[in-house]
Amino acid sequence: MSKSHFTRRSVNRFGTKSPSIKIEREASPLQKLGWKSFFQQQLTLEELEQCLPLRVMAVHRSRLELAGEKGAVSLPLTGSLVANLPTVGDWLLLEKSSGYFMRLLSRSSQFERMAPGGHQVQMIAANVDSVFIVSSLNDDFNLSRIERYLALARESGCRPHLILTKADLCEDTAPFLQALRPFGELPVAMVNSLDQESVAQLRQWCLSGETIALLGSSGVGKSTLLNTLSGESLAETGTIREADSKGRHTTRKRSLHSLSWGALLLDSPGMRELGLVHVEDGVAETFSDIEALARECRFSDCQHQSEPGCAVQEAITGGSLDDRRLRNWQKLQQELSRNGQTLAQKRAGERALSQMYRSVQNQARKRKYHGED
Ligand SMILES: Nc1nc2c(ncn2[C@@H]2O[C@H](COP(=O)(O)OP(=O)(O)OP(=O)(O)O)[C@@H](O)[C@H]2O)c(=O)[nH]1
Ligand SMILES: [Mg+2]
Ligand SMILES: [Zn+2]
C-alpha cells in the first residue's frame with residue numbers, strides 16, 4: 001500500500017496495444033506525510049533550496065508537534081507563528097539553517113465550526129482528503145447528525161464515508177441500512193472496530209499520502225479504529241456509559257497519526273456540538289433531493305409548509321421524502337444564516353473598534369507634533 005501505481009500503456013510496432021506495464025514508485029517520506037504537488041507548487045526556487053516543509057501533527061498550548069522528512073520536531077508557538085493560527089494538518093515552511101518559521105502554505109481544504117457559545121469560528125483541521133463519519137450501531141446513530149457532518153465534509157471538497165461501528169453488538173443492522181437510503185451513493189462500511197479483519201475493509205479508503213479525518217461523537221470508537229487500523233496502540237480509548245451509549249470524552253486533543261503504509265489518520269475528541277458556519281454549498285449538496293423538489297414548488301418563496309402546489313410536501317405525503325429530513329434542512333439553513341449574521345456583526349464591531357483606536361492614535365500623534373502633551 002505504500003507504493004503509488006503508475007500504469008503506462010504502450011503501442012507496439014504493429015499498432016496494437018501491448019499489455020500495460022506497471023511501474024511502482026516508492027512514496028517518499030514527505031509524500032507519506034501527505035505532501036502533494038498542490039503544496040510543492042507554492043514554493044519559490046529560493047524556498048525550495050532554503051526551507052523545509054513540515055506538517056502540523058498536533059497543536060499544544062505553547063508548542064506545535066511537527067513531522068518532516070527527517071522526523072519529528074517540536075516548535076515553540078511564539079511570534080508570527082501564533083498570528084498565522086496553524087491547525088492540525090497544516091504545512092509550514094521552516095528555514096533550514098535557523099529552524100525559523102517562514103510561512104504557512106495555502107490549504108487544500110479546511111474544516112471549521114462555530115465554537116460552542118456561538119461567537120467565533122474554530123478551526124478543526126486543514127488539508128484533509130477524506131472524512132470517516134463514525135457512528136455506532138446503537139443509540140448514537142442519528143441521521144440529522146450524519147447530515148451535519150456530511151455538509152461539513154462536502155463543503156471542503158473532502159470525500160465522505162460513513163463508518164458504522166459496534167456491528168458485533170448489533171442484532172439487526174437492516175433498519176440502520178434502510179434508514180440510510182436517502183444518502184444514495186455515500187460509501188458505508190459496518191465494522192467491529194476492535195477486530196483487525198473487520199476493519200481491513202477500510203484500507204481501500206486509506207491510501208498512501210491521503211489524510212483521513214475521523215469525526216463523530218464521543219465513544220463511537222474513533223480512537224479504537226485508529227489503533228486497529230494502524231496495528232499499534234497510538235491512542236487511549238475509553239469506556240462508555242451503558243445507560244445512553246455515550247462516551248466519556250477520552251480523546252482530548254486533535255492529532256494526526258501516520259500509518260506504516262503512508263495514510264494519515266486524524267483522531268479528534270468527540271464533538272458535543274458541531275455548529276455549522278460557511279457551509280452553504282455543503283448543505284445544498286447534502287440535500288440536493290429537497291433542493292430539486294423545492295424548484296418545482298408553485299411559489300418561488302414557498303416555505304414548504306402548507307402552501308398549495310408545494311412539491312416538497314407532496315413528496316412527504318407520497319412517502320418518497322422523510323419529514324425529518326426536511327426539518328433538518330430548514331434547521332441547518334437557519335443556523336447558517338444566524339451564524340453568518342453573528343460573525344458579520346462581530347466583524348463590523350471589530351472594524352469600528354480598530355478605526356476608533358487608529359483615530360485616537362492619530363490625534364495623539366498630531367498633539368505631539370504640535371508640541372502638546
Ligand atoms: N464491541 C465493540 N466495542 C467498541 C467498538 N468500537 C469501539 N468500542 C469500544 O467503545 C469504547 C469507546 O471507544 P473509543 O475508541 O475510546 O471512542 P472514541 O470515539 O475515540 O471516543 P472519544 O475519544 O471520547 O471521542 C471503548 O471501550 C471501545 O473498546 C466496536 O466496534 N465494537
Ligand atoms: Mg478517542
Ligand atoms: Zn414548497
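Me: Four donors count as tetrahedral if all angles lie between 85 and 135 degrees. In this predicted model, what is the geometry of the site of the zinc ion (ligand 3)?

Reply: The zinc ion (ligand 3) has 4 donor atoms, and the angles among them run from 102 to 117°. Tetrahedral geometry requires all angles to fall between 85 and 135 degrees. The site is therefore classed as tetrahedral.

Me: Which protein atoms are the donors of the zinc ion (ligand 3)?

Reply: The donors follow the spacing C-x4-C-x1-H-x5-C along the chain. They lie 2.2 to 2.4 Å from the zinc ion. They are C297 (SG), C302 (SG), H304 (ND1) and C310 (SG).

Me: How many of the residues in the shell around ligand 1 are polar?

Reply: Ligand 1 is surrounded by 23 residues, with S193, S218, T224, G238 and T251 the closest. Of the shell, 5 residues are nonpolar and 3 are charged. The number of polar residues is 15.

Me: What percentage of the accessible area of ligand 1 does the protein cover?

Reply: Oxygen atoms of ligand 1 lie 2.6 Å from a side-chain N or O atom of S218, 2.7 Å from a polar side-chain atom of T251 and 2.8 Å from a polar backbone atom of T250. On its own, ligand 1 has 660 Å² of accessible area. The share covered by the protein is 90%.

Me: Which pocket, by size rank, does ligand 1 occupy?

Reply: The pockets are ranked by size, and the space taken by ligand 1 is one of them. Its rank is second largest.

Technical notes:
Residues numbered from 1 in each chain as written. Chains lettered and ligands numbered in written order. Predicted model: local features only at pLDDT ≥ 70, side-chain atom pairs only at ≥ 80, totals over all residues. Heavy atoms only, no water. Near = heavy atom within 4 Å. Polar contact = N/O pair within 3.5 Å; in protein donor to acceptor, adjacent residues only side chain to side chain. Areas by Shrake-Rupley, 256 points an atom, 1.4 Å probe, with all protein chains shown as cover. 1 Å grid on protein atoms, 1.4 Å probe; cavity = no way out; pocket = protein on both sides within 12 Å on 5 of 7 lines; lining within 4 Å. Sits in = over half its atoms within 2 Å of the grid points. Nonpolar A, V, L, I, M, F, W, Y, C, P; charged D, E, K, R; others polar. Donors = N, O, S within 2.8 Å, 3.2 Å for Na, K, Ca; no water. Tetrahedral: all angles 85-135°; square planar, octahedral: opposite > 155°, others 65-115°.
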